[in-house]
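Student: Could we go through this structure term by term, setting each value against the definition behind it?

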Amino acid sequence: MKKLLALALAMVMVLGLAACGGTVTSTETPAPAETATTPADTAAPADAAPATASAITLWTYPIGGWGNEETVKALTDAFTAETGIAVTVEYLTYADGDDKVNTALTANQAPDLIMEGPERLVSNWGANGYMVNIADLFDAADKSELNAAALDACFADANTAYEYPLVMTAHCMGINLNAFKEAGADQYINTETHTWTTEQFISAVNALEAKFGGTVGAVYCSGQGGDQGTRALVNNLYGGTFTNAEHTQYTWDDAKNIQALKELYDLKGIAFDPSLVGGDEIALFYNGTLKMAFCWNIAQQLNPNSADTGAEKTANGDDIVFMAFPSEDGNAKLQGGIWGFGIFDNGDQGRIDAAKQFIQFMCDSDHTVDAVRAANFFPARTTVDAWSDNPIMGEYNKLMPMLGDYYQVTTGWAQARTAWWNMLQQVGQSDGSEAAIKAAVDQFCAEANAGT
Amino acid sequence: MANQPSMSRALARRENIAGYLFMLPSLIFFVGFVVIPMVLCVYTSFFDSNMNQNTPDVFIGFANYAELWKDPVFIKALKNTFIIVFVSVPVVCIFSLWVASAIYRMKDSIMSLFRIIFYLPVVTGSVAVTVVWKWIYNNYYGVLNYLLKGMGVIDQNINWLGDQRFALWGIIIILLTTSVGQPIVLYVSALGNVDATLVEAAEVDGASDLQSFWKIRWPLIMPTTLYILVITTINSFQCFALIQLLTSGGPNYATETVMYYIYYTAFKLYRFGYGNAMGVILAIFIGLLSAVQFRLAKET
């Protein structure tokens, strides 16, 4: 009896934890969106529509200043003052935000609005049937004014949009200019165009390593945080690709990426570091330990490490210069970041309508400029002039034409992301031979493709 | 006299009802948050269950269970989990008993001081503990590398959590520091409760310190030992927070544990059915090991 009791108790403890992972959702599936799916729906008589809700909830990832309560409150207060709709905001982190949202979704407790990029809103939650189709929010003027790449990424197909884009940027890398000068590596960078070639990058890393010793740049791979940087680094070095143009297959097992990984492995100043994610790398770059950061963008350039210690400066006061990723001909294809709003389908048309009002207020009104400036990124709407008074943004704008393919909408993105950093770990722990690197690349690329 | 039995029955019924009513709040929580999820876990493990609302869950029988044994990451996670259990459980028990034996006869104030010191990591939040250990192990400016280099033990920094040769042992060391507090407190209490007259009688009969410990104290603290063994085993099997916060199972799956793989499968890959099947298997292993511990303790 005692044994049975012990067995039962042990099972209860483990299963209680494991069961938090999910439920059979078939009986609890919320009603599919029957409204707001086509532009025609919005033409319904006003008296037939349910009353707009007076309160909605927004969950936002830390997208520049949209992770800052004070900044966001000013925006939501303005929205409430104009519409009378109160907004409750919850601030997510990239470390556990996905878990919180997924848990909420499976428990039918999702927020009304979510702010993030198409890789989550379109490819993940949208594809899995949790989002409201907001294609009716895009009229002809919107479609002509919004950046074409951003617009395209927000649509799952010609008639289905799960995200309304607000801001965008090009991800890049940052370098410590003082360290580069000290090591004589500044001769390898062009601070006018912010570009360099693969050969110049290798020379710079070697010069820095010779001067400072140890690791000067880290291929961080503890998790998916900031993985756009390592993908762009590897893809650009020798012109490899991450997916095919149709976004139906992962192609990072091509020979050019294997060559890039081999080159990075062989560079003494570069370490594959499975104890770091992008945020850790930024912190090490900011405190001067690393001389270059692969996880960088304009928000970091304006406020390095979110430390409020001055734009374009490390903790020691060294100058930070943003650079495109190195490529053989110096013409990089940068990873784009697109962020905007999507609406979770909670089956309440009043709340959906209120959420749509919020999106229009932030993304398609006179207030859009404030919403954009809060994010510290560039407006997705080309008619919005948010940064003409900011010289750093003006300089950074030189990178925007280098935006490459926005492939994060490829099916199986979540699995591909995890396969990528696991692959980097295996490469880093290998003997560095081309065969070992190829084996790791092939294995994890196949895993990623299994999810497509 | 004739209606006394019926009055007793009524009294007993009333007391029973009162007893159940007192139990009801906990029972509701237990059923709602433990029993029902447990049943759902077993049930879902027989389905190909994912997040997609557009595709219904498909009953696949034992396919998830069959797949587990062909999944190299699960096998690696299981192996790592057993290493953690088989290293940490004996070390925690022996170290706790040693410390408790050393301090339980000290003055109350000194004994309390030691209990506070050893219990501090238990009451400190996992996040705070891991942040401190992350600094200690840091590859670039960690104090451990600094000390070892200063002592001439190593000549180059070691990436303790980023090198597959060291990462799991790094995790086990942290786990030990957070696991010994409660057993020490329990052992101090258990040793203090051993009847001193029995020990004195044995010593009068010529028993050595070792004999009096082995023949008198050890059997008397056996229930405490059994409890410590079982809870340490379960805690070790369920090692999760340290992995999630420090290594995410890496590098190269070197610190992947079953608990972390369950989370990863369910919340990163959205394969709820597969993750729940792992949960069931883990529960069976924990149950079996606990049963073995009960049996061995009974025989001892």
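The dialogue below takes up domains, sheets, cores, burial and backbone geometry in turn.

Tutor: This is a predicted model, in which local features need pLDDT of at least 70 and side-chain atom pairs count only at pLDDT 80 or more, whereas totals for chains, interfaces and linings use all residues. Residues are numbered from 1 along each chain as its sequence is written, and chains are lettered from A and ligands numbered from 1 in the order in which they are written.

Student: How do you know into which domains chain A is divided?

Tutor: The bounds come from an automatic or database domain assignment, which gives domain 1 as 50-169 + 337-407 and domain 2 as 172-333 + 412-450 in chain A. The C-alpha centres of these two domains of chain A lie 28 Å apart. Chain B is divided as well, into domain 1 (4-44) and domain 2 (63-299), with C-alpha centres 34 Å apart.

Student: What makes residues of domain 1 of chain A count as in contact with domain 2 of chain A?

Tutor: Two residues are in contact if their C-beta atoms, placed from the backbone, lie within 7 Å, and 18 residues of domain 1 of chain A are in contact with 21 residues of domain 2 of chain A. On the domain 1 side, the elements giving two or more residues are α4 (118-126) and α15 (391-396) of chain A; helices (H or I, at least four residues) and strands (E, at least two) are DSSP runs, numbered from the N terminus.

Student: What makes the strands of the six-stranded sheet in chain A count as paired, and which are its edge strands?

Tutor: Two strands pair if DSSP finds at least two bridges between them. Strand β1 (residues 55-60) of chain A pairs with β2(A) in the parallel sense over six bridges, so the requirement of at least two is met, and A:Ala55 stands opposite A:Ala86 in β2(A). The open sheet runs in the order β2-β1-β3-β12-β6-β13 (chain A), with mixed pairing, and its edge strands are β2 (86-91) and β13 (378-379) of chain A, each of which pairs on one side only.

Student: Why is strand β7 of chain A called largely enclosed?

Tutor: A residue is buried if 20 or more other C-beta atoms lie within 10 Å of its own, exposed if 12 or fewer, and partly exposed in between, with C-beta atoms placed from the backbone. Five of the five residues of β7 (residues 172-176) of chain A are buried, so the strand is largely enclosed by the rest of the structure. β7(A) pairs in the antiparallel sense with strand β10 (residues 292-296) of chain A over three bridges, and also in the antiparallel sense with strand β11 (residues 320-323) of chain A over four bridges. A:Gly174 has A:Ala293 as its bridge partner in β10(A), while A:Met173 stands opposite A:Met323 in β11(A).

Student: How do you know that the largest nonpolar core lies between the domains of chain A?

Tutor: A nonpolar core is a set of buried Ala, Val, Leu, Ile, Met, Phe, Trp, Tyr and Cys residues joined through C-beta atoms within 7 Å. The largest has 138 residues, and those with the most contacts inside it are A:Leu166, A:Cys172, A:Leu334 and A:Phe358. Domain 1 and domain 2 of chain A both give residues to this core, so it lies between them. Not counting residues up to four places away in sequence, A:Phe358 touches A:Ile56, A:Phe79, A:Val87 and A:Leu113.

Student: Why does A:Glu70 count as exposed, and A:Asn376 as buried?

Tutor: A:Glu70, in helix α2 (residues 69-83) of chain A, has 7 C-beta neighbours inside 10 Å and therefore counts as exposed. A:Asn376, in the loop between α14 (368-375) and β13 of chain A, has 24 other C-beta atoms within 10 Å and is therefore buried. A:Asn305 has 17 C-beta neighbours inside 10 Å, so A:Asn305 counts as partly exposed.

Student: What is the phi of A:Asn376, and what is that of A:Asn305?

Tutor: Most residues other than glycine have a negative phi, and most peptide bonds are trans. A:Asn376 has a positive phi of about 65° although it is not a glycine, and A:Asn305 has a positive phi of about 60°. In chain B, the peptide bond from B:Gly250 to B:Pro251 is cis, with omega near -5°.
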